[in-house]
Amino acid sequence: MSGAALGLEIVFVFFLALFLLHRYGDFKKQHRLVIIATLLAWYLCFLIVFILPLDVSTTIYNRCKLAVNSSPAESNGSYVTLAPSKQKCFKPWSYIPNGIMPIFWRVVYWTSQFLTWILLPFMQSYARSGGFSITGKIKTALIENAIYYGTYLLIFGAFLIYVAVNPNFNLQWNQLQTIGIAAANTWGLFLLVLLLGYGLVEIPRSHWNGAKRGYLLMKTYFKAAKLMTEKADAEENLEDIMEAIRKVSESIKYNHPLRKCVDTILKKCPTEYQERMGRNMDDYEDFDERQNSYPSEKSLVKLHKQVIYSVQRHRRTQVQWQILLEQAFYLEDVAKNETSATRQFVHTFHSQEPENKIIQYFYTPTVEWYWECLLRPWFYRVLAVVLATFSVIVVWSECTFFSTKPVLSLFAVFIQLAEKTYNYIYIEMACFLTIFFLSICVYSTVFRIRVFNYYYLASHHQTDAYSLLFSGMLFCRLTPPLCLNFLGLTHMDATISHKNTQPTAYTSIMGSMRVLSFIADGFYIYYPILVVILCIATYFSLGTRCLNLLGFQQFMGDSEMTSDLIDEGKELIRREKRKRQRQEEGENRRREWKERYGNRDDSTRNRVVHTDQKESSFSETNANRPLSKYTRSNGRNERDRIELLQDAEPLDFNADSINDDPLESDSGRYQPGGRYLSMSRSKIFDDV
């Protein structure tokens, strides 16, 4: 089993990252490099979280072996036995051989740092650039990231000067490497505590509120009102952009040098707008014939960037509106079915997507009623209590993990108790649950936060490339300090425990933070205590109240604005529900009509087609008969009849010339309008 656990987790984490990226990204429309870079960033961060418990169990076993080797011992098979106390050091089932973990952590860590500080910021600017060539996009990305990279160089230079001026330090490559790692971890820990303080309170509270049907329904109405405003704004913005594109497309013709740029912009527009502009465009005029002010290439680049953003935003709001409608309809169905006497869940609307037959077989209407109306609220309450207990333990451990005598951190107590009995399964499960809960609190906040419309992770394949890359940057910056914080909570970090023991492979890669004592003994230890203040602020919704005062509408039960938006959202949902019901009623009537009269209509249609075929065959046979001997006489009679009709019609006295024989026209054919056709083209009212 040596190394098998590591291989299994590597494969499992890859598919987990791929699944999440497929949920938020769009593999068909987004660029492959964006997908690959984001997948690699998410994969490496998730991999660190899942592999670190194996590193802890392997380190505990190595410490046991060092303790055994330093005292008289005897070897017996797969374990080592101490001679005096007969203590056994069993090899864990997930043991990783020496030399693998340091190389693994070094590759994972430095790859993630290269992604987050160099590649992903550059790809962000490249993805949002409106340039029409690769060179133009690269130039724009370099200019935008000049300030970005300069800031980091300034911070690193400040640390470097501090170390160089201090006479107690002799600069070496390992120390410079440690300074860079310390700078990156300091930035990440600063953001980590902010996100952790929010997640520790909001995650248990959201699950507790999830058991309240009325609360969820009111919040859905509130979201519907806000989303409708955003949807209308996105549609208006798209209309304005499309109008600007229409003017540019009409001014820049087919032989203009910038026409290729306009065609590139048109390809990014929705299909209905492309068809509309294609019908109204006249490319038969040269751009030199009229002296117009043509837009520059720089303005087209800006317009291209606006088109990409507005189209993505419009598509996202449309999809989110449909998802929110389904959620609102389902919550209303749950509220109605709670008082059902039959105890069978009845849906107002049938699901538009085909359901799995296996799920339909087991998840019957009766099972659905018991789960949605009885079991699910209690399940959410119990889960909320368990998560709240974990949050209290984390807050207590964050405030006391620097105390080694006595050990006050509960996570350190649990790990040390398991270390005495060398129960590796318990150690790995405790480590995994701890770091997994910390990761959920931090990562879920990354998925929830929204920085206006620049960063927003939207599910159902509606996240743009900029937000995907930005999330990859955040994950790569938050995961290393998160793991160091976890090792500090469990006292597996020698810097915290102050013990001369073998460190974990992950800690050895980070280097000794003693190079910067004010960070190792100050910032890393006392800054996480601020999580208590952030948890209190989140519990009393201070951030939500501040945003509400600034004009950003937030869901608050005691706010008049919230009540107005709930009423507005309820009316919007009711309107959409009536529209959906009318559509389904119309479809049902058409289906019933087709089932009742479908055969009769088919037989009638067949008779009509058969009659038409007989008439067409009869006309074809008459047309194929020889008419040569009747041609001259019929032509003379037709000529006389036309002359009589022409004499009965008024003449056009304003015509330039009068043709006596209407059959001798230039076209050689009779014009049914007679002289009225010439009257329509002449100046008939000149004498009036």
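**Entry 1: E326 and R580**

I began with E326, which counts as partly exposed because its relative accessibility is 36%, and I kept in mind that the model I am reading is a predicted one. I then looked up the partner of E326, and found that its side chain meets that of R580 in a salt bridge, with N and O 3.3 Å apart. E326 belongs to helix 9 (residues 297-337) and R580 to helix 20, so this pair ties together parts that are 254 residues apart in sequence. R580 has a relative accessibility of 11% and therefore counts as buried, since buried means under 20% relative accessible area.

**Entry 2: E230 and R450**

Next I asked myself how many salt bridges there are by this rule. The count comes to 13, and I chose to follow the one in which the side chains of E230 and R450 meet, at 2.6 Å from N to O. This pair links distant parts of the chain, for E230 sits in helix 6 (residues 213-251) and R450 in strand 4 (residues 450-451), 220 residues apart. I noted that E230 counts as buried because its relative accessibility is 13%, whereas R450, with a relative accessible area of 33%, is partly exposed. When I looked for further partners, I found that E230, R316 and R450 are linked in a network of salt bridges.

**Entry 3: E243, R246 and the coiled-coil record**

I stayed with helix 6 and wrote down a salt bridge between E243 and R246, whose closest N and O atoms are 2.4 Å apart. Which separation along the helix do these two residues have? They are three residues apart in helix 6, which means that about one helical turn separates E243 from R246. I also recorded that E243 is partly exposed, with a relative accessible area of 34%, and that R246 is partly exposed with 26%.

I then turned to the UniProt record, an unreviewed entry, where the annotation "coiled-coil region" covers residues 224-251. In the model the chain over residues 224-251 is 100% helix and 0% strand, and I noted a separation of 40 Å between the end C-alpha atoms.

**Entry 4: transmembrane regions in the record**

The same kind of look-up gave me the feature "transmembrane region", which UniProt (unreviewed entry) places at several spans, among them residues 6-21, 33-52, 103-126 and 378-396. I checked two of these spans in the model. Residues 6-21 are 100% helix and 0% strand, with their end C-alpha atoms 23 Å apart, and residues 103-126 are likewise 100% helix and 0% strand, with 32 Å between their end C-alpha atoms.

**Entry 5: A388**

I looked up A388 and found it in helix 11 (residues 365-400). A388 counts as partly exposed because its relative accessibility is 31%. I also set its position in sequence beside its position in space, and wrote down that A388 and E202 are 186 residues apart in sequence and 9.6 Å apart from C-alpha to C-alpha.

**Entry 6: a charged patch**

Last, I asked which residues form a negative surface patch. They are E560, D564, D567 and E568, and I picked D567 for a further look. D567 has its place in helix 20 (residues 560-623), the helix in which R580 lies as well. With 48% relative accessibility, D567 counts as partly exposed, because exposed means over 50% and the residue falls between that cut-off and the 20% under which a residue counts as buried.

Terms used. Residues numbered from 1 in each chain as written. Predicted model: local features only at pLDDT ≥ 70, side-chain atom pairs only at ≥ 80, totals over all residues. Heavy atoms only, no water. Patch = residues over 30% accessible without salt bridge, like charges linked within 9 Å, V, L, I, M, F, W, Y side chains within 5 Å. Areas by Shrake-Rupley, 256 points an atom, 1.4 Å probe, with all protein chains shown as cover. Salt bridge = Lys/Arg side-chain N within 4 Å of Asp/Glu carboxyl O. Lys, Arg positive; Asp, Glu negative; His and termini not counted. Charge placed at Lys NZ, Arg CZ, Asp CG, Glu CD. Helix = DSSP H or I, 4+ residues; strand = E, 2+ residues; numbered from the N terminus. Buried < 20%, exposed > 50% of the residue type's maximum accessible area, 1.4 Å probe, protein only. UniProt positions renumbered as here; feature names shortened; annotations may be inferred.
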